[in-house]
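Trainee: Could you walk me through this one slowly? I have not looked at it before.
Mentor: Gladly, let us open it and take the topics in turn.

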Amino acid sequence: MELSPDTAIIYQWGVVKINATILYTWLVMAALVLGSWLVTRHLHGGPKIPRWQHVLEILVTFMRDQVHQTAGRNSDKYVPFVASLFLFIGLSNLLAIVPGYAPPTGSLSTATALALCVFVAVPVYGIQKTGLGPYLKNYARPTPFMLPFNIVGELSRTLALAVRLFGNVMSGNMIGAILLVIAPLFFPILLQILGLLTGIIQAYIFAILATVYIAAAIQMQEDAVKGKTT
Amino acid sequence: MLLDWFTVAAQTVNFLVLVYLLKRFLYGPIIKAIDEREKRIHSRLAQADTKMKEAEQKASALDAERAAFDDQQQEMFAKAKKNAEKLENELVVQAKAGAAAAKTKWLQALDQEKVRFLREIRQRAGAGVVKVVERILQDMAGEELEEMILDRFLDRVRTMPPDEKKKLEDIIARGEDLVVRFSIEAPQYLAKRISSFFQTEFSVSKNFVFEKTEDLVAGIELISQDHKVSFSIADYLEQLYKELDLVVAQKELTHAG
């Protein structure tokens, strides 16, 4: 039993290697991109639209609404980032039902990579909004003594984001595997179903938390600017 | 080691590529399609709203037009009804007048026809009576009747007014022949009686020419060139016929009045 799909090396050339995590990530990416391309190459603008366009519209609209509710109406530019997190994590977790497949989200490397993306995206969007200076000053608020705590808080939430996703997915798979050994007939199926639910919830939590962090960063900047002007 | 930094880097790149590709193939087109559809729906709703308002305006205008048309129709109908009633009354009056005139004319024609019929009846009745009497008298005519008539004739001559008697004396004095007409062949003794009467009465002996004529029915005529003395049934019948005719004419005048 492998704890992480990272250890399943398929091809290695020096430092460069292709393991199960990367391979399944490409698979999920291919499924998402190919499916999107197939549907959106013939988009219908009229009142009657194809079924798959409906599905994608529901997904995109759902994520768009979530981002709008969290970050406000003028937050369309964060939608691709947040929705990609949700779709990638969600599809990776849903495919866990396929035998032989190892979800890339069960790899701490993937969770860390996604958490790092969020970790970088938050200041990028914040700086885009108000500039570098005001954003950096935000870490020294309300007093400069809070600077180390703010930095630690930033790091710890990124770490929590990564570990939460990794822990949930990995533990789900692990428990499934253990139960398969102990009680192979009934419990693994229930745990797989539960795993699907957990996978979607984890995708939702990850995406929403990313949105909340981005929204919080933007909001803090706006509040700081407002406080300064008043 | 759970964390493989190469994999972290590769997954970061993978995720960024995925964000780009999904933005290119999913969010962009889908959001664009949704926005366009929303825009189209808003546009159509706005158009529908405009058309609805136009339709409402047209409907209200049509309602007003229809109401005006109904009013006009009712007004025209009332006017037409009034005209029809007026025309009906006029036609009834004209028809009544025409009927009355026709009735009057017909009654007049009927009266005239009745009068003409009655007159014809009366005339024919009178003529018939005269004819019958004439026929009877002709059948009865004979020497005895002629003698009685002669007696009556001679009495008339005898009792003639003086001026007429004088005129007859003048005629006799002229010496011309006098013609005596009978309705039958004059018997000898009647001729003698006439000759002896004139000799006795006027003291002259005259030549008489005796002739027979059926025009007299029964009677006698004394004729000179310009004078005539007669006593005949024909004269009576002629008189009777004239009197009947006069009576019928008077009746007609009375009826017409």
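**Salt bridges and a hairpin in chain B**

Mentor: Let me begin with one residue, B:Arg116, which is partly exposed, with a relative accessible area of 40%. Please keep in mind throughout that we are looking at a predicted model.

Trainee: Okay, and which residue does B:Arg116 form a salt bridge with?
Mentor: Its partner is B:Glu113, and the closest N and O atoms of the two are 2.4 Å apart. Both residues belong to helix H1 of chain B, which covers residues 5-140, and they are three residues apart, about one turn of the helix.

Trainee: Is B:Glu113 buried or partly exposed, then?
Mentor: B:Glu113 counts as partly exposed because its relative accessibility is 42%, a value that lies between the 20% limit for buried and the 50% limit for exposed.

Trainee: How many salt bridges are there over all chains?
Mentor: Searching the whole structure gives 17 of them over all chains. As general background, side chains of opposite charge can pair when their charged atoms come close.

Trainee: What about B:Asp151, which residue does that one pair with?
Mentor: B:Asp151 forms a salt bridge with B:Arg193, with 2.5 Å between the closest N and O atoms. This pair links distant parts of the chain, since B:Asp151 sits in helix H2 (residues 143-158) of chain B and B:Arg193 in helix H4 (residues 188-202) of chain B, 42 residues apart. B:Asp151 is partly exposed at 31% relative accessibility, and B:Arg193 is partly exposed at 29%.

Trainee: And which residues are linked in a network?
Mentor: A network of salt bridges links B:Asp155, B:Arg158, B:Lys165 and B:Glu201. Within that network, the side chains of B:Asp155 and B:Arg158 meet at 2.7 Å, N to O, and these two residues both lie in helix H2 of chain B, three residues apart. B:Asp155 has a relative accessibility of 32% and counts as partly exposed, while B:Arg158 is partly exposed with a relative accessible area of 40%.

Trainee: Changing topic, how do strands E3 and E4 of chain B run, parallel or antiparallel?
Mentor: Strand E3 (residues 219-223) and E4(B) run antiparallel and are joined by five bridges. Together they form a hairpin with four residues between them, and B:Gly219 stands opposite B:Ser232 in E4(B).

Trainee: Is strand E4 of chain B mostly covered or mostly open?
Mentor: Strand E4 (residues 228-232) of chain B is mostly covered, as four of its five residues are buried.

Conventions:
Residues numbered from 1 in each chain as written. Chains lettered and ligands numbered in written order. Predicted model: local features only at pLDDT ≥ 70, side-chain atom pairs only at ≥ 80, totals over all residues. Heavy atoms only, no water. Salt bridge = Lys/Arg side-chain N within 4 Å of Asp/Glu carboxyl O. Buried < 20%, exposed > 50% of the residue type's maximum accessible area, 1.4 Å probe, protein only. Pairing = 2+ DSSP bridges.
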